[in-house]
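Here's a quick briefing on a protein model, put together for someone who likes cut-offs spelled out. Have a look at the sequence and the fold, then read on.

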Amino acid sequence: MAVDLSVKIGRLKLKNPVLTGSGTFGYGLEYEDFLDLEKLGGVVVKGISLKPKEGNPPPRICETPCGLLNSIGLQNVGIDRFYIEKLPLLKKSGCTVIVNILGDNFEEYVKISEVIRERGNVDGVEVNVSCPNVKSGGIHISKSPEAIKKLTKILRDTLKNIPLLIKLSPNVSDIVPYVKAVEDGGADGVTLSNTYVGIGIDIDTMKPKLSKIKGGLSGPAIKPLSQRIVFDTTTNCKISVVASGGIMNYIDALEYLALGAKAFEVGTANFVNPRISFNILENIRKYFMKKGIGSSGEFVGIFLKKNNLNYPAMED
Ligand SMILES: Cc1cc2nc3c(=O)[nH]c(=O)nc-3n(C[C@H](O)[C@H](O)[C@H](O)COP(=O)(O)O)c2cc1C
């Protein structure tokens, strides 16, 4: 039985719903020699800013019982070096490339988007307005639906036809007004969501486990929280959702699809097993074959339909 795993997120077409999460798979190149990146739905690269960033001082990562706290601080090579050193090699592998971008202010988001529009050669842009680890990284924008709508509109205009995803922070009490702002601003999809702000302390040294004290929690611990955010969105909004949060295996991924996400990003799991995205992809294919499901479209939102829940995107 042939299974059609392709999905559409607005104008972004993916051969399957499996993406790598920004910051957890480098620039993709690190894995190019031993993984066939072309097989994935796409690679979302480490967040890129207009100028290179050194990131926060160490320690900037620590384990928690069921996840990871990080405070990397958006270390990256900047958009120029990305275009010269990283992108050509990544594109050579034939994979779909989504660039994750960040800025200190509106102007920087626009400038980096102008560079991308002019140099092209990417399949989509994911805008991080949600990094909890630096004053920049859009966190100030992420707290205001009006600012999100304004930024989305400007970037929609700037990027012309390049597919646009906005990645939101989960650190708000109700996600729906923020998602509606992204929808009204004209993005192709919304990525839900980034990490949850947390802290870790060491009671022997009485020092923080992260140099900046606070960091973003990711991994299995956040899956139920991020699934609630996806659920609130798919039962209230029409925009396509890309899920992110605690996906460690194909069952976690299928849960998100059943909740109405059209694609998903594998993040922290890459640090445990860099091949995990491929494993998830193969197991989803097997699951669909076993259950007689012919396409991703047939499965997306199935939990909402079976439980007669509100599902505004159903008719799409
Ligand atoms: C070490 C690390 C670095 C990250 N860097 C970025 C980043 O540069 N841009 C971004 O949008 N998200 C970044 N994230 C967030 C992930 O892409 C993902 O949204 C989040 O970790 C939740 O998914 P997970 O639980 O599967 O890891 C980072 C996460 C980790 C753990």
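**The fold at a glance**

The protein chain's secondary structure comes to twelve helices and 16 strands, where helices (H or I, at least four residues) and strands (E, at least two) are DSSP runs numbered from the N terminus. Keep in mind that this is a predicted model: local features need pLDDT of at least 70, side-chain atom pairs count only at pLDDT 80 or more, and totals for chains, interfaces and linings use all residues. Residues are numbered from 1 along each chain as its sequence is written, and side-chain values use heavy atoms, with hydrogens and water left out.

**Overall size and packing**

- The protein chain has a radius of gyration of 18 Å, which agrees with the value near 20 Å that a compact globule of 316 residues would have; the radius is taken over C-alpha atoms, and the globule rule is 2.2 Å times the number of residues to the power 0.38.
- Along the principal axes, the C-alpha atoms fill a box of roughly 55 × 50 × 45 Å.
- Of the 316 residues, 58% count as buried (buried means under 20% relative accessible area, exposed over 50%, partly exposed in between, with a 1.4 Å probe and protein chains only).
- Among contacts (heavy atoms within 4.5 Å) with a separation of 6 or more, 71% come from residues 24 or more positions apart.

**Surface**

- About 13,400 Å² of the protein chain is exposed, and carbon and sulfur atoms supply 53% of that; accessible areas come from the Shrake-Rupley method with a 1.4 Å probe, and for residues only the protein chains shown count as cover.
- Ile199, Ile201, Ile203, Met206 and Ile213 make up a nonpolar surface patch, together worth about 550 Å² of accessible area.
- The patch rule takes residues with over 30% relative accessible area and no salt bridge, joining like charges within 9 Å and nonpolar side chains (Val, Leu, Ile, Met, Phe, Trp, Tyr) within 5 Å.
- One patch member, Ile199, sits in strand S11 (residues 196-199) and is exposed, at 53% relative accessible area.

**Buried spots worth a click**

- Thr152 belongs to helix H5 (residues 145-159) and counts as buried, at 0% relative accessibility.
- The side chain of Thr152 reaches back to the backbone oxygen of Ile148 at 2.6 Å. This goes by the polar-contact rule: a pair of N or O atoms within 3.5 Å, where within protein one must be able to donate a hydrogen and the other to accept it, and residues adjacent in sequence count only if both atoms are side-chain atoms.
- Beyond its neighbours within four places in sequence, Thr152 touches Leu164, Ile166, Val182, Gly185, Gly186 and Ala187.
- Thr235 is in the loop between helix H7 (223-234) and strand S15 (240-244), and at 9% relative accessibility it counts as buried.
- A polar side-chain atom of Thr235 lies 2.6 Å from the backbone oxygen of Phe231, and leaving aside neighbours within four places, Thr235 is in contact with Leu304, Asn310 and Pro312.
- Leu87, in helix H2 (residues 78-92), is buried at 0% relative accessibility.
- Outside its neighbours within four places, Leu87 contacts Phe82, Val97, Gly120, Asn121 and Val122.

**Salt bridges**

- Side chains of opposite charge can pair when their charged atoms come close.
- The count here is eleven salt bridges, each being a side-chain nitrogen of Lys or Arg within 4 Å of a carboxyl oxygen of Asp or Glu.
- Arg11 pairs with Asp188, with their closest N and O atoms 2.8 Å apart. Arg11 lies in the loop between strands S1 (7-9) and S2 (12-14) and Asp188 in the loop between helix H6 (176-185) and strand S10 (189-192), so the pair ties together parts that are 177 residues apart in sequence.
- Arg11 is partly exposed at 38%, while Asp188 is buried at 7%.
- Arg119 and Asp80 meet in a salt bridge at 2.7 Å, N to O. This pair links distant parts of the chain, with Arg119 in helix H3 (residues 106-119) and Asp80 in helix H2, 39 residues apart.
- Arg119 counts as partly exposed at 41%, and Asp80 is partly exposed at 40%.
- Asp232 bridges to Arg228 at 3.1 Å between the closest N and O atoms; both lie in helix H7, four residues apart, about one turn of the helix.
- Asp232 is buried at 18%, whereas Arg228 is partly exposed at 40%.
- Arg11, Arg156 and Asp188 are joined into one network by salt bridges that share partners.
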